[in-house]
Amino acid sequence: MRSNVITKRSSRPGERAPEPYDSARRNFTWAEARAALAGLPGGALNIAHEAIDRQVLAGQGGRLAIRWLGRGGGERNLTYADLRDATSRFANLLAGLGVPAGSRVYSLLGRQPELHIAALGALRAGCVFCPLFSAFGPEPVHARMSIGEASVLVTTRALFTRKVAPVLDRLPHLKHVLIAGGMGPGLPPGAVDLDVALPAASPRFETVPTRPDDLALLHFTSGTTGQPKGVMHVHQAVVAHHATARFALDLTADDRFWCTADPGWVTGMSYGVIAPLTIGCTLILDEAEFEAERWYRILEEERVSVWYTAPTAIRMLMRLGDDAVRGRDLSHLRFMASVGEPLNPEAVVWSNRVFGLPFHDNWWQTETGGIMIANFAAMDVKPGSMGRPVPGIEAGIVRRNEQGIVEEVTSAGISGELALRAGWPSMFRGYLGQTERYAKCFADGWYLTGDLAMRDEDGYFWFIGRTDDLIKSSGHLIGPFEVESVLMEHPAVAEAGVIGRPDEAAGEIVKAFVTLKPGHAADETLRRELIGHCRARLGPSISPREIDFREMLPRTRSGKIMRRLLRARELGLPEGDLSTLEVDER
Ligand code: AMP
């Protein structure tokens, strides 16, 4: 494990040296991290104020905040002052519509600046913001909007007609639909043309003095059973966004930062929108989908200095070979980080060879609200390790003892559940409407992450796997239940069990096992029909890529499909404890 250590890069002439890990950790307090932000009178704290107004008030209003690259070659630049005006207009628009503070404002948008404006404008107005991934199909969109009782939706006409119109009659809380990029047929009565309403609204708005513990963001994550969970985050999370962007991404105000994650997911919102703005740097926003040549061109032409991306993309870039990198002038690139799923050690070694920089893996979850474990710029990188806990975070490997008490395993090299000492600012404050489920995540002062890991003798953490059935495909966490439910809506399907099957590029792909109702033939036509059905209802990113037909699925005595067993059999792994197995497929 120690053999491949990549020693930290020494600073180039004139370059600021990142603070050593040990002293950064020793000297850090969350109180000081909070004091580094501005706050509002009376102890109030609002993310929009910290991300935008703080920079403008410091005389940085003319600095470039967002540089947007359109799919078809267009571009837009917004300074911090532009962003202050646009988000104030958005907040005024909400006020004009009579949307009270605390309301849930959702977006269903691609990667475009309107998303940033809606997010920070809603937060400025004291509303709760929830971004949805634009590749979701109507069912995931509906589930998330209805659980969160969305009252405002910001979207485009195309996305509305394809994904919201089919479920609109099942969204009783939705009062306002705001359309970016032009109106047209298929929109509901009263839909607001954002392109007209925003310029007409006043660019001055007094930010709502939210309390640090007021709800700010809602992010959905998948569950193994039941509907997706609405993870609740508060304004105070910004303290962690700001601090971790410095520590784990080595971000400074002079950087041109590219976070490739979609803001419809937690990484894209926390580190693609909020954190870099609180640092005062320029963020690059690319509307287009992944395409290796385009990405290398962006890195070069946009002079990206800090790049935060994901293992799936890195693996695809590796496939293209070394020459694609070597032909480029990437001299301004000084830090690269990765998150979302295990980063193969080969990818770190490869990047170090061809970029002259290793990818720095880091770890966190929707629930943690910010990066918790990271390979710091000032640390040696151990390829395959997620790194060490960021300052202010205590991470441990825990196990339950015979009395059921959660205890830390202090010896190195022992696997157990990864846990964090509860109480950091960006810790989630609940699963919407599921108090018990939230409480179950905590025990004996620890937040239990659901990941299996181990710590080595140097305090580096190594990811082993998950303790549940969740699937990670291209960095997206997918709940098997959501996919199984859609499969079972099909008239031919009797039951369905969904697992993740390892895949070289995507990490895992979604694979479904299906039993059929009498009278349906298990043939290629039906297989294709089922895949098409899932893609239409769920969207391509969470639909099964493979479907196998079975006579029966293995179940527990209590009637639950044993996904663990389906997976073990699919992969030829040991079947483990079968004492609860009731019906066997064999
Ligand atoms: P999400 O809540 O969608 O961000 O997914 C969080 C989960 O992604 C974690 O619990 C891990 O299972 C996985 N994950 C995130 N980052 C890493 C990483 N660096 N290495 C391995 N797994 C990761």
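Mentor: A salt bridge here is a side-chain nitrogen of Lys or Arg within 4 Å of a carboxyl oxygen of Asp or Glu. Keep in mind that this is a predicted model.

Trainee: How many salt bridges are counted between domain 1 and domain 2?
Mentor: Two. The domain assignment gives domain 1 as 21-455 and domain 2 as 468-583.

Trainee: What makes arginine 144 and glutamate 482 a salt bridge?
Mentor: Their side chains meet with N to O at 2.7 Å. The cut-off is 4 Å. The pair qualifies.

Trainee: What else describes the meeting of domain 1 and domain 2?
Mentor: About 1900 Å² is buried between domain 1 and domain 2, with 53% of it on carbon and sulfur atoms. Glu139, Ser222 and Thr224 supply 28% of the area domain 1 buries against domain 2, more than any other three residues. The C-alpha centres of the two domains lie 30 Å apart. Domain 1 brings 23 residues to the contact and domain 2 brings 26.

Trainee: How many salt bridges does a search of the whole structure find?
Mentor: It finds 44. One pairs arginine 124 with aspartate 53, whose closest N and O atoms are 2.7 Å apart.

Trainee: Why is the pair of arginine 124 and aspartate 53 said to tie parts together?
Mentor: Arginine 124 sits in helix 5 (residues 113-124) and aspartate 53 in helix 3 (residues 47-60), so the pair links parts 71 residues apart in sequence.

Trainee: Why are helix 6 and helix 17 called oblique to each other?
Mentor: The axes of helix 6 (residues 138-147) and helix 17 (residues 524-538) cross at roughly 40°. Roughly parallel needs an angle under 35 degrees, and roughly perpendicular needs 65 to 115. The pair is therefore oblique. The two axes come within 4 Å.

Trainee: Which residues make the contact of helix 6 with helix 17?
Mentor: Pro138, Glu139 and Pro140 come from helix 6, and Ala536, Arg537 and Leu538 from helix 17. By class, that is four nonpolar, no polar and two charged residues.

Trainee: What makes helix 9 roughly perpendicular to helix 10?
Mentor: The axes of helix 9 (residues 237-249) and helix 10 (residues 266-279) cross at roughly 85°. The class runs from 65 to 115 degrees. Helix 9 is therefore roughly perpendicular to helix 10. Their axes come within 9 Å.

Trainee: Which residues meet there, and how do they split by class?
Mentor: Helix 9 offers, among them, Val238, His241 and Arg246. Helix 10 answers with residues including Tyr271, Ile274 and Thr278. The contact has eight nonpolar, five polar and one charged residues.

Terms used: Residues numbered from 1 in each chain as written. Predicted model: local features only at pLDDT ≥ 70, side-chain atom pairs only at ≥ 80, totals over all residues. Heavy atoms only, no water. Axes fitted to C-alpha atoms, helices over the stretch in contact; angles between N-to-C directions. Helix = DSSP H or I, 4+ residues; strand = E, 2+ residues; numbered from the N terminus. Parallel < 35°, antiparallel > 145°, perpendicular 65-115°, else oblique. Contact = heavy atoms within 4.5 Å. Nonpolar A, V, L, I, M, F, W, Y, C, P; charged D, E, K, R; others polar. Domains from an automatic or database assignment. Buried area = accessible area lost by both parts, 1.4 Å probe.
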